[in-house]
Amino acid sequence: MRSYRFLPVVLLLVLVISATAAAYQEAPTLAAKVAKGELPPVEERLPENPLVIEPIEEVGTYGGLIRMAHRGPSDATGYYRTVREPLVNYNPSLTQIQPNLAERWEVSEDGTTITYYLRKGLKWSDGHPFTTEDVLFWWEVQNTPEIVPTIPGAFVRDGVPCEVIAIDEYTVAFKFPVPAAAHINWIAAGGAETFLPKHYLSQFHKNYVDEETLNQMAKAEGFNTWYELFMEKAGANTQWRAVGMPVMDAWVITTNFDDPILISERNPYYFKVDTAGNQLPYVDTLHRILVEDIEVMKLQLINGQLDYITRHLWTTYGDLPMYMAYQQQGDYRIIRTNGGTPGGINIMFNATYKADPVIAELINNIEFKKALSYAIDREEINNVRFSGLGNIGHGHFHPQHPGYVEEVDKAYTEYNPELANKILDDLGLTARDSEGYRLRPDGQRLTLIIDGSTHHLHHAAAGELIQSYWKDIGIRLVVNIIDRGLWEAKREANEHMLTFADLADPLIPLEQSGHQITYVIAPLWEQWFQSNGAQGEEPPEDAKRIMEIYTVLAPATADDDVRAAYVREIAEIWGRNLWTIGTVGVPFNLSFAKNNLRNIPGDYVGAHSHPANPAIYQPYQWFWK
Amino acid sequence: MLRYIVKRIVQMIPILFMISIISFIIIQLPPGSYLNTLIAQMRATGDEVDMEMIEALRIRYSLDKPMHIQYFNWMKGIITRGDFGFSFEWNRPVSHLIWERLGLSVAVSVSAMLFSWIIAFPIAIYSAVRKHTLGDYFFTFVGFLGLSTPNFMLALILMFISSKYFGFTVGGLFSPEYMMAPWSWARFVDMLTHIWIPMIVVGTAGTAGLIRVLRNNLLDELGKPYVVAARSKGISTVRLVFKYPVRLALIPFISTVGWQLPNMVSGEAVTATVLSLPTAGPLMLAALRSQDMYLAGSFLLLLALLTMIGTLISDLLLVLVDPRIRYE
Amino acid sequence: MNPKNILEVRDLVVKFKLSEGIVHAVNGVSYDVPEGKSIGIVGESGCGKTVSSYALNRLLPPYATLSGQILFRQQDGNIIDIAKLKPEGREIRAIRGRDIAMIFQEPMTSLSPVHTICNQISEALILFQGMTKKQARNRTIELLKLVGIPQAERRVDEYPFQFSGGMRQRAMIAMALARNPRVLIADEPTTALDVTLQAQVLSLIQDLQNRFNLSMILITHALGVVAHMVETVNIMYLGRIVETGPTMEIFEEPLHPYTQGLLQSIPKLTGRLGERVSSIPGSVPSAYDIPKGCPFEARCKHRMEICREEMPKPVTVGSEHTVYCHLYTGREAARDAANA
Amino acid sequence: MARKKIPAPAADTAEALSTTEEKIFYASQWRLMWWKFRKHKVAVIAGFVIALMYLGAIFAPFIAPYGPTHRDRGNIYVPPQKIRFWDENGFSLRPFIHPLKVTTDWETFQKVYTEDTSRRIYIRFFVRGKSNDDQYKLFGLFKSNIHLFGVDEGYIHLFGTDDLGRDVFSRVMYGGQISMSIGLAGVFLSLILGLILGGISGYYGGVVDNIIQRLIEVIRSFPQIPLWMALSAAIPPDISPKLVYFGITIILSFIGWTALGRQIRSKVLALKNEDFIVAARLAGTSEPKIILTHLIPSFMSHVIASLTLSIPSMILAETSLSFLGIGLRAPVVSWGVMLQQAQNVHTISMAPWLLIPGVFVIIYVLAFNFLGDGLRDAADPYGN
């Protein structure tokens, strides 16, 4: 980095001296282009009213390169979550929604319509103006089934998609059939909408060009149909980022997601400035190096080859001692950021298990599940898997969430094998076999099977611990660690008895769709919900209530207090039914940044469990010091 | 000779077909499909899973059609258009993805092969000529040590050591500055500085086998009367060993070279995964895991083809080396 | 050293050190090879005749130890003890092929299957005689013609497997003669050949020996083979020479019971129909432990007490004829007893 | 010339062999093998090592101080402990260890273990296990909780502990049971497959031979890993670890038999026209009987030698399968599984002793290779 560090300062000085009259400053590389006449001056590139960013530490200097790592096209989300530019955005501490592309917004009285007022003079990275036309074009693409098979659930209420209405060039309204005020929270937190440049992409869309011509174009480029070509040009499978397509992001990609390095260069038309009037971003270039293996990423980190990384390593808490030991060598600091795995290692019972009626009855018995919960030594799990960083509890919601209920979260979580044994005895499970395992009412050994995935390394380790805890209370646990795809297929087919949760499970923020919850704990309920009662099994009232909150009530309101109350209600219902048993979770992510990479907010731990990380920490204002 | 080659190539076709069918079945054997992997991935990253979208994708990817129709369409594409299908996970035509990686795979495998030959030949000859000496035991031991160490373990340890103690950059076959550069001499040299770990890891696994085969062949040959006859002419040992027994000992060896290739590629796959190399192996493993079936199937097909070509080449070499076959 | 001899072997002992024990392959063998003459060494398989001849060129494997003397009169008249040379040293390599050449018993395997005849014969010519490739090739063709290979110009570029057995042996002979050696060791040159070919090859060897005035050691298990080819015969049994003498004398008056047995086992054309060819009962005992008495004791028809205890001393009958047998110890008129 | 050193019966002149000589002659195939083998010192040592390792595996529960799942709670990543006979207080005939003091460094989140050299904990022999986790059934029959060695106070970890505080030494012992038997079982199955298919192929020839040869060709020109992956996916996921284990051996042998099959085929091809086989056939012996009683014994020694050499590749394959996550899986304890769990930068940098199972794999494979080499040399007693 050394070579980059001083040059910009010198150049900047020159610039400042030569153009003191200008209100805004720009990166030296851009200034050179302006001087050559390749770019309009910075004042013309910025919108009328640029978004002014408060520096987190200080006003930075231009130049340099940030090296990150990713795992190729399937990891495009990681890039999206680094550069996304939504209409509105959360602040780094997740306490407040702030303007972004939209200068301001309004929610109608009845909560059905949200109107955004775009910044005037916003420009795409090629200089073309960004207007509501582009929002409409994006919506048009969402409504082209060949490209987007179904409209994303966040824009659909009661099966009816919202309307997107351009009121004028700079005003756009989202009109939902029912109250949907919380849609704005979804957008701010990490929602997956990226507006598309109509002036560029319309040349590939059949609504604008004859389909025959397009198909021929596609064939010439090695594709079969026009929509495959469109998807390639629009980066439909790489979170709507593709080489050649203008973006609103701080950086523009210049190589492909499957290239060895995904390189993105600064966007000369980026709409944000710092308090000193310097156009952002500070850093010239982002590199995302293609790394297939997480272990290699760790090695690169401790070897000092990465400048910032969080994704993929963010929940490797067990490796903390190593990260600490190599801090000097890798010249990085460790930052706690939002997110984490409040759910942590979580055991889910299939409420609609069918293969074995005896087991099905037992795992729907609250007392039985309480016994299982009491038998687990969560302190030990915390120590061996999470370096003692974790929170003991069921992890329904983030502990900082306003709706967090400690009593529910901590219920039945103390380690008490005697009590567990007593509960099981009281249930009549007193007969035991020669190896000390309890027998089921039908005389077979009481055996539970838990599925986990090879992809989640902690599943196997946690499985072994829980196996030994439950052996102490006479219950045999078979830990069945299988490939991730297979694991998912089993859950989809309602074949699992018990399963470990994914990282962010069991309960997801209200901003997301509730369908995923029942999907895992009770696939047949989920079928019932999805088919409006035509298929599957009718869920109990408690489950219906949770679904109602997720899909109808919570989306309708942006009132934080009301939403907190919903969260409390969900947690209580969940705790009452013990649909899942939590063990230990960690309510923050690990992030790593080079020591001299500055302006990164330190140790922000907010309530929201899954914000767009690191976009929420404003990479456009990071700089090399 | 030409007729022989043509005959061999014609014979390859039915086997290739069989392999293509087996590949296809193998990929589909595990329950579920690519969509399950996709769902699992989306869930793990906290993205929403929209079941309707999944259903729509199932139709788009033709995963709702019976297997034999999927197979038929795939084959049709390959034969008529050289189109190997579409990779679900990478969202690209398979042919956009595989060629450079296959090339690098072959580069790694071939350099590993050369490495193991360079190591194995002198050792084998030394061991055979100086049979049951300390040197023989020592080199045999070293060779076996390479064979005995699991590839992935060796790869990880070497990588760790090279980064911790020598400060080499980790992962990939190129330094960052050459990763995106077009091929040039400098880039080639840069690759050489990175290729040595996989070369050693993959190479050492084969070296012991090579030493053993060669040494035993050589021992067999050294005991043969023509060696004594040659000695009786006054020819020096070094010249004698290289001119006669080594040449003959190579024959059974060359005939196995073709078979070594798939093993090298397999070994390379594991090693490359650990080392995060941009070769075919990791891509193939990932494709197999996620049931990205056309990508995985194409790899299997091409690797099998490569093996057969390797076998053909080794058979042709055999003809060159052994006149007895030539005149049959 | 006797001036008429080109080679004198004295008390040659060869042992093989194996983990199973020490094999005493040759136990004190002495014989002379007169210049320009041919001698024969006859014995059953395993009697040490091949080992003793390999010793002359130091072609024994590294685990063999060698003692005694092998005195060789070089071209310049100097006498050198081959037994004292380093086994793979420069001196012995210079002797091999140039001075002492060999013909081996198996022409099938004694030629490299993957090199052409030309390559194999001309190799030594190019390496040691300083010939160019072309010269060597011409010389090879010449040699092949000499040994009676038809169309030598064409066949010179063929591989051994394209040759018939007899032709291969002829090629071997050509290879041995390539550098005009002074001593030719022919180790069972005809064993691997058809009976019809045997006579041809043998007469070729004899013819060449006469023509080039070669000194020759012919090694064979068949006494009949040597009858017309050599002047002197050494009969070997279990690493020792049991009888030695001029060929005619041995044939006419075999003294040692073993020699007698060997002679009787040759089928005779004059024999009566239905008469069985006799054979020597028993087989050669193990060479791991050498009996301290007569080696033939175990199989001998005439065995006596002393045979087991004591090694017989040489008894010279006539000027050149010597036998090692207790039957003749101290007795002048030995032949009567033996013939009884 | 090699033939000269061991005199063979002179068949040309002596036809009659005495009966004792005859016995020696026939017995000598195996005896000569033994002689040759004995000469190969390294192979003999390797044989001892292997015998020792299998003995260790058989008595693993007794030798291991703790059960494979027994956790020394909280004491994770304890480095290997040194057995001492000597400290500042002098010499002791009974070996001892120093107790460990544990502190957690909250700066680095690392547990720091320091030896308390002022105290000694003596190692006791034939001690009772610490808990029910240490109970075992020797040979599946005799229930016991007596262990070869142990300490009265605290724990002894010769190879340290893993991420859950389990004793690595004990786990290596238990892991050997599975890892070392997978090789044997897999090779045995390969042998059966190879004998049957290779035998049929060579003996009957023709169309059958052609089909089997093509099959071998297809299997061999297929990259191994996808084959493993596919076949292991075919193992039903819910079955018990023992059956998974069985499945893995079948998978390994399914691929492993081809080399052997080819070898046996060529041997059978070479032998089937030998006089003694032709004679047996003319005598009216049934074909299966010919194969079983005449053909197979005549090349068994070669087969055994090459089998020995293929055992190591089985165990290496097992570790590779585990590494890919398609072989045995935790909580089954095998060397491959243990290595798979140690396959990360954290282990290499912070707890390298977790790679000890790899050392055992290396020793095992090395020993088998040397043993196989010796056996192969010995199988050819007239060879050089």
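Two residues are in contact here if their C-beta atoms, placed from the backbone, lie within 7 Å. With that in hand, take chain C: among its contacts between residues at least 6 apart in sequence, 61% join residues at least 24 apart. Keep in mind as you look around that this is a predicted model. Below is a quick tour, chain by chain, with a stop at some backbone oddities.

**Chain C at a glance**

- Chain C has 340 residues, and buried ones make up 47% of them.
- Its secondary structure comes to twelve helices and twelve strands.
- One spot to look at is C:Asn213, which sits in the loop between α7 (195-212) and β8 (215-220) of chain C.
- C:Asn213 isn't a glycine, yet its phi is positive, at about 55°.
- C:Asn213 counts as exposed because it has 10 C-beta neighbours inside 10 Å, and the cut-off for exposed is 12 or fewer.

**The four-stranded sheet in chain D**

- Chain D holds an open sheet of four strands, in the order β1-β2-β5-β8, and the pairing is antiparallel.
- At the edges you'll find β1 (84-87) and β8 (146-151) of chain D, each of which pairs on one side only.
- Neighbouring strands in this sheet are turned by 35° against each other on average, direction ignored.
- Start from the β1 edge: β1(D) and β2(D) make a hairpin, with two residues between them.
- Three bridges hold that antiparallel pair, β1(D) and β2(D), together.
- Across this pair, D:Trp86 stands opposite D:Phe91 of β2(D).
- Moving inward, β2 (residues 90-97) and β5 (residues 121-128) of chain D run antiparallel and are joined by two bridges.
- Here D:Ile97 has D:Ile121, in β5(D), as its bridge partner.

**A helix pair in chain B**

- Helix α7 (residues 151-166) and helix α9 (residues 185-222) of chain B pack at an angle of about 150°, and their axes are 10 Å apart.
- That makes α7(B) and α9(B) roughly antiparallel to each other, because angles over 145 degrees count that way.
- The crossing of α7(B) and α9(B) is right-handed.
- On the α7(B) side, the residues that meet α9(B) are B:Asn151, B:Leu154, B:Ala155, B:Leu158, B:Met159 and B:Ser162.
- Their counterparts in α9(B) are B:Ile197, B:Ile200, B:Val201, B:Val202 and B:Ala205.
- Sorted by class, this contact of α7(B) with α9(B) has nine nonpolar residues, two polar ones and no charged ones.

**A covered strand in chain A**

- Strand β23 (residues 589-594) of chain A is mostly covered, with six of its six residues buried.
- Which residues of β23(A) are buried on each of its faces? On one side they are A:Asn589, A:Ser591 and A:Ala593, and on the other A:Leu590, A:Phe592 and A:Lys594.
- β23(A) pairs with strand β16 (residues 332-337) of chain A through six bridges, and the two run antiparallel.
- In that pairing, A:Ile334 has A:Phe592 of β23(A) as its bridge partner.
- β23(A) also pairs with strand β15 (residues 308-309) of chain A, in the antiparallel sense and over two bridges.
- There, A:Tyr308 stands opposite A:Ala593 of β23(A).

**A buried helix in chain A**

- Why is helix α10 (residues 294-302) of chain A said to be largely enclosed by the rest of the structure? Eight of its nine residues are buried, so the description fits.
- The buried residues of α10(A) are A:Glu295, A:Val296, A:Met297, A:Lys298, A:Leu299, A:Gln300, A:Leu301 and A:Ile302.
- After α10(A) comes A:Gly304, with a positive phi near 80°.

**Backbone oddities in chain A**

- As background, most residues other than glycine have a negative phi, and most peptide bonds are trans.
- Against that, the peptide bond from A:Leu280 to A:Pro281 is cis, with omega near -5°.
- A:Pro281 lies in the loop between β13 (272-274) and β14 (285-290) of chain A.
- A:Asn532 is another one to check: it's not a glycine, but its phi is positive, near 55°.
- You'll find A:Asn532 in the loop between α21 (523-530) and α22 (541-556) of chain A.
- Is A:Asn532 buried or exposed? With 8 C-beta neighbours inside 10 Å, A:Asn532 counts as exposed.

Notes:
Residues are numbered from 1 along each chain as its sequence is written. Chains are lettered from A and ligands numbered from 1 in the order in which they are written. This is a predicted model: local features need pLDDT of at least 70, side-chain atom pairs count only at pLDDT 80 or more; totals for chains, interfaces and linings use all residues. Two strands pair if DSSP finds at least two bridges between them. Axes are lines fitted to C-alpha atoms, for helices over the stretch in contact, and angles run from 0 to 180 degrees between N-to-C directions. A residue is buried if 20 or more other C-beta atoms lie within 10 Å of its own, exposed if 12 or fewer, and partly exposed in between; C-beta atoms are placed from the backbone. Angles under 35 degrees count as roughly parallel, over 145 as roughly antiparallel, 65 to 115 as roughly perpendicular and the rest as oblique. A crossing is left-handed if the near helix is turned anticlockwise from the far one by less than a right angle, and right-handed if clockwise. Ala, Val, Leu, Ile, Met, Phe, Trp, Tyr, Cys and Pro count as nonpolar, Asp, Glu, Lys and Arg as charged, and the others, Gly among them, as polar.
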